Every structure is written in structure tokens, then in C-alpha cells.
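Colleague: Can you take me through this model? I would like to start with the basics.

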Amino acid sequence: MAVPWEEYFRLALQEKLSTKLPEQAEDYVPPVLRLLEKRQELVDADQALQAQKEVFRTKMAALKQRWEQLEQKERELKGSFIRFDKFLQDSEARRNRALRRAAEERHQAGGREAEALRLRTQLEELRRERARLQRRLKRLEPCARLLEQALELLPGFQEVPELVARFDGLAETQAALRLRERERLAELEAARARLQQLRDAWPDEVLSQGQRRAQLQERLEAARERTLQWESKWIQIQNTAAEKTLLLGRSRMAVLNLFQLVCQHQGQPPTLDIEDTEGQLEHVKLFMQDLSAMLAGLGQAEPAAPAS
């Protein structure tokens with residue numbers, strides 16, 4: 001620290017005066033010495049501060065090294081945890097696969113037992129069916145001999161199945177012809193009954209048709225009147241719709257102008273689509289809410305300023 005020359009000479013003069021009058025200033029300390037003492041104190045304090053800074057740097061370096069060691073240990077522990085978790089997952093997967101295989105084997109064993117039981121039941125049914133067919137064959141042996149005798153009398157057939165098939169075909173044809181005859185008779189009876197009903201109901205039907213024609217004519221006239229009414233209403237609806245459409249277009253243009261003004265005030269480019277009227281209204285609404293909150297805050301701050 002530099003000392004002005006005037007202060008230096010003043011201090012030197014005081015020091016000389018103090019040497020001339022030692023009896024008057026036994027406890028007096030010269031300012032130069034005080035300044036030197038202060039400078040020495042500052043130097044000592046600066047050295048102590050530098051020493052403390054060096055100690056702090058040493059501690060910070062040790063802490064940093066310790067922190068790096070802890071991070072390395074943390075990474076090692078995380079790797080160990082991941083490997084252990086993977087080992088547990090692999091063990092669980094092997095256990096689940098073993099359980100699934102055991103369940104599948106039990107299911108297959110149960111299925112084989114059920115299949116064996118079904119086959120035994122089917123075998124018993126086949127045996128019963130074989131016994132039934134054998135009993136039926138014994139009952140039909142006389143018929144078979146009769147068919148063989150008929151086959152000898154009919155040289156046009158070579159085998160018994162051909163004769164049986166021919167007989168079955170003739171029997172089915174006869175049954176179909178009888179059924180068709182009954183159906184035709186039933187249709188004929190129904191046609192006769194219908195004809196008689198028409199003959200009986202003809203005058204009433206003519207009168208009913210005339211009345212129905214008159215009713216339909218009246219309904220036609222009423223429908224024409226309703227058509228004219230609805231046409232006039234449709235024209236009115238179209239006019240109203242045109243007015244509403246014009247009003248909607250004006251409203252959308254007004255909303256778009258407000259949205260553009262808000263974006264211009266905020267210094268942001270418009271991010272919404274021109275057709276997104278609801279989104280534009282929501283944006284303007286949020287801006288108005290923020291502006292209202294700001295004005296309310298300013299209104300509360302103005303009375304508080306005089307009070308403070």
C-alpha cells in the first residue's frame with residue numbers, strides 16, 4: 001500500500017517531536033510503525049488465507065479422488081446387480097420351462113389315459129355292434145336265400161345288391177310319386193277353396209277397392225299439400241343456413257384476427273391451423289386469463305406501494 005508524501009512527512013515530524021519529548025509520550029506508538037504492523041498483519045493474514053486455500057485444494061482433490069473411487073465402486077455394484085438379476089431371471093426362466101414341461105407331460109399323460117379309455121369304450125361299442133349285426137344277419141338269412149332264388153329267376157341282374165338297389169329305387173320312386181300326388185291334390189283343393197272365396201268376396205272387394213282408391217286420392221292430395229309446405233320450409237331452412245354460414249365465417253375470421261393479434265403481441269408465430277377455431281379460442285382465452293391475472297396483480301401492487 002503506497003503512503004502519500006504529506007502523510008509520510010507528517011508522521012516523520014511527529015516521530016521527531018516524540019523523540020524530543022520522551023517524558024510526555026512514553027506510551028506513544030508512531031503511525032509509521034502502526035502502518036507497518038498493519039501491513040505485516042495483512043501479509044500474515046494473506047499467507048494464512050493462501051495456506052487455507054492450499055489445504056482446501058488438497059482436501060477437494062482428495063474428495064474428488066474419493067468420489068471417483070465411489071463412482072467406480074457404484075458402477076461395479078450396478079454391474080454385479082445386473083449380472084445377479086440376469087442370473088435370477090435365467091434361473092426363473094429355466095424353472096418356468098421345467099414347470100411347463102412337467103405340466104405338459106402331465107397333460108399328455110392325462111390325454112393318453114383319456115384316449116385309451118375312449119378307445120376301450122369304442123372297442124366295447126364295436127363289439128356290441130358286431131354282435132348286433134351278427135344277430136341281424138341270422139334273422140336276414142331267409143331273406144338272402146329268397147333274394148338268391150329271385151336272382152336265378154331274373155337273368156337281367158348279376159348280383160343281389162343290384163336287385164336290392166333296383167327295388168329300393170322303385171320303392172323310393174313310388175313313395176315320391178305318392179307324395180307328389182298328395183301335394184297336387186292339396187294344391188287343387190286349396191285352389192278350389194280360393195276360387196270360391198274370390199267368387200264370394202268379389203262384390204265386397206270391388207266396393208273395398210273403390211273406397212281404398214278414394215282414400216288414396218285424399219292421401220295424395222294431403223301429401224301434395226305437405227310437400228308444398230315442406231318445400232317452403234326447406235327454402236326457409238336454406239336461407240337460415242346461409243345466414244348462419246355467413247355468421248360462422250365472420251366469427252371464425254374474428255377469432256383468427258384475435259389469435260393473430262395475440263401471437264403478434266406475444267412475439268410468437270401462429271402455430272395452429274387456420275381451420276382450428278377451437279384451438280385459437282382456447283389460446284386467446286389463456287392469453288386473456290394471463291392478462292387479467294397480471295392486471296389484478298398490478299392492481300394489488302399499486303395500493304401496497306404507498307403503504308410501504
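Modeller: What follows covers the core, a surface patch and some salt bridges. This is a predicted model, where local features need pLDDT of at least 70, side-chain atom pairs count only at pLDDT 80 or more, and totals for chains, interfaces and linings use all residues. Residues are numbered from 1 along each chain as its sequence is written, and side-chain values use heavy atoms, with hydrogens and water left out.

Colleague: Which residues form the largest nonpolar core?

Modeller: F259, V262, C263, V284 and F287. Such a core is a set of buried Ala, Val, Leu, Ile, Met, Phe, Trp, Tyr and Cys residues joined through side-chain atoms within 4.5 Å; buried means under 20% relative accessible area, exposed over 50%, and partly exposed in between (1.4 Å probe, protein chains only).

Colleague: Which element gives the most to this core?

Modeller: Helix α3, with 3 residues. Helices are DSSP runs (H or I, at least four residues), numbered from the N terminus.

Colleague: New topic. How many salt bridges are there?

Modeller: The count comes to 9, taking a side-chain nitrogen of Lys or Arg within 4 Å of a carboxyl oxygen of Asp or Glu. One of them joins R192 and E189 at 3.6 Å, N to O.

Colleague: Where do R192 and E189 lie?

Modeller: Both are in helix α3, 3 residues apart, about one turn of the helix. R192 is exposed at 51% relative accessible area, while E189 is partly exposed at 48%.

Colleague: And R127 with E124, what separates them?

Modeller: About one helical turn, because they are 3 residues apart in helix α2 (residues 31-153). Their side chains meet in a salt bridge of 3.5 Å, N to O.

Definitions and conventions. Helices (H or I, at least four residues) and strands (E, at least two) are DSSP runs, numbered from the N terminus.
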